[in-house]
Amino acid sequence: MKQKKRLLVIDQLNLFFRSYIVNPTLSTDGQPVGGLVGVIKSLQKICREVNPDKIIICWDGEGGSKKRKLMKKDYKAGRKPIRLNRDIRTLSESEEKSNKVWQLERTLEYLNHMPVIQFMYRGIEADDIIAYVCGLKEYSNWQKVIVSSDKDFFQLLDDETILYRPVQKKVLNKHKLIEEFNIHPRNFAIARAMVGDRSDNLAGVGKVGLPSAAKRFPFLKDERSVTVTEVVDYCKEALNEKKLKIYENVIDNKDIFERNYQMMQLYTPSLSINAKKEIRETLKNADMSFNKTGVVTMMVRDGFDDLDWRELQAFFRRLALDN
């Protein structure tokens, strides 16, 4: 039996900031380049472990999700700026910010020389692009490997889709997720909508965590997709037998529950028709060449050409030929 092709889909901003924060590498002129170096080293490691047939890089677009911010103005508001690890801070706060932007922009330029496909759209989050790409018919018989530490991707796990969480050093598939949380991926957005997400400034319905959601709503483990209305109706019936605060909170905060679900769910990605069309066309006509000379020239200019990335070079040469 022929082995399935493998699609690697990376939540790139998530991966970049992990490297940016912890990688202490400085260029030959003393500037932090840990984000850049870390991305290349991470790609080398991931490609070694996953051996993908195609790599898709997804970035959060400028301004974040326009649609979600229309639903809740303070969505993701109040987040502290991501800064370097205290042990490697050599710049003022303003210099550090400028360096961070430069590293982000430079990462995009490096990846443009590599046999990968990059997506970034103003007003659109990487989550929605990743969900849309993983659901495309042309990849229906591929194994999809999503790389991110974000729990939002739990809901996308199925028989062909797994999640690699580099920070946690953990690989999750559908069966492991159900075993660990007693919640099916198809219902994970429902559970998280009750719990809320502080990092995105989304309050939950109150006094609900994932363990209590799984315990009080055992049908979330079922393979069928559960609706918000069904959960609320269940709470109303359950209150006749048990006066539990969790059921009251869900009923009293139905509007928050419904709004959170609409904002958190990735089953129907928040993409315009034009964005979907552009993604499909880009996938069809993408330039999959590998410009090693371009990458090396940039490394020399940026002061870290001593980086050992020979394994990634060899992999990229094969990938470019295969595509």
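1. Two rings of Phe, Tyr or Trp (for Trp, the six-membered ring) make a pair here if their centres lie within 6.5 Å. Counted that way, this predicted model has 17 aromatic pairs. A couple of them deserve a proper look, so let's start there.

2. Take Phe154 and Phe188. Their ring centres sit 5.2 Å apart with the planes at 85°, and since planes over 60 degrees apart count as edge-to-face, that is what we call this pair. It links distant parts of the chain: Phe154 is in the loop between β4 (143-147) and β5 (161-165), Phe188 belongs to helix α7 (residues 188-195), and 34 residues separate them. Both Phe154 and Phe188 are buried.

3. Now compare notes on Phe217 and Tyr234. Here the centres are 5.8 Å apart and the planes meet at 55°, so the pair is tilted. Phe217 is in the loop between α8 (210-216) and α9 (228-238), while Tyr234 is in helix α9, so the pair ties together parts that lie 17 residues apart in sequence. Are the two partners buried or exposed? Phe217 is buried, at a relative accessible area of 0%, whereas Tyr234 comes out partly exposed at 30%.

4. Don't stop at that pair, though. Ring pairs join Phe217 and Tyr234 with Phe219 and Tyr247 in a cluster.

5. Next, helix α13 (residues 292-302). Its buried residues are Gly294, Val295, Met298, Met299 and Asp302. Look down the axis of α13 and these fall within an arc of 135°, so they line one face of the helix. On the face turned away from that buried side you'll find the exposed residues Thr293 and Arg301. As for what the buried residues of α13 pack against, the partners are α2 and α4. Just after α13 comes Gly303, which has a positive phi of about 80°.

6. Helices α2 and α4 turn up again around a cavity. The model has 2 cavities of 30 Å³ or more, and the second largest has a volume of about 30 Å³. Its lining is made up of Gly35, Leu36, Val39, Ile40, Thr107, Tyr110, Leu111 and Met114. Which helix gives the most to this lining? That would be α2, with 4 residues; α2 (34-50) and α4 (93-112) each supply at least two. By type, the lining of this second largest cavity has 6 nonpolar residues, 2 polar and no charged.

7. The second largest pocket has another make-up. About 410 Å³ of space lies in it, and 23 residues line it, with Gln155, Leu156, Leu157, Asp158 and Tyr267 closest to its centre. Helix α5 (residues 126-134) provides the largest share of the lining, 3 residues. Sorted by type, the lining of the second largest pocket has 10 nonpolar, 5 polar and 8 charged residues.

8. One last residue to click on: Asn260, in helix α11 (residues 254-264). Asn260 is buried, with a relative accessible area of 0%. What does Asn260 touch, not counting residues up to four places away in sequence? The list is Ala193, Gly196, Leu202, Ala203 and Gly204.

Terms used. Residues are numbered from 1 along each chain as its sequence is written. This is a predicted model: local features need pLDDT of at least 70, side-chain atom pairs count only at pLDDT 80 or more; totals for chains, interfaces and linings use all residues. Side-chain values use heavy atoms; hydrogens and water are left out. On a 1 Å grid over the protein atoms alone, a cavity is a set of points where a 1.4 Å probe fits but cannot get out, and a pocket is an open set with protein on both sides within 12 Å along at least five of seven lines; lining residues have an atom within 4 Å of a point. Grid points are joined across faces, edges and corners, and a volume is the space filled by probe spheres set on the points. Ala, Val, Leu, Ile, Met, Phe, Trp, Tyr, Cys and Pro count as nonpolar, Asp, Glu, Lys and Arg as charged, and the others, Gly among them, as polar. Rings of Phe, Tyr and Trp (its six-membered ring) pair if their centres lie within 6.5 Å; planes under 30 degrees apart count as stacked, over 60 as edge-to-face and the rest as tilted. Buried means under 20% relative accessible area, exposed over 50%, partly exposed in between (1.4 Å probe, protein chains only). The arc is that of the directions from the helix axis to the C-beta atoms. Contact means heavy atoms within 4.5 Å.
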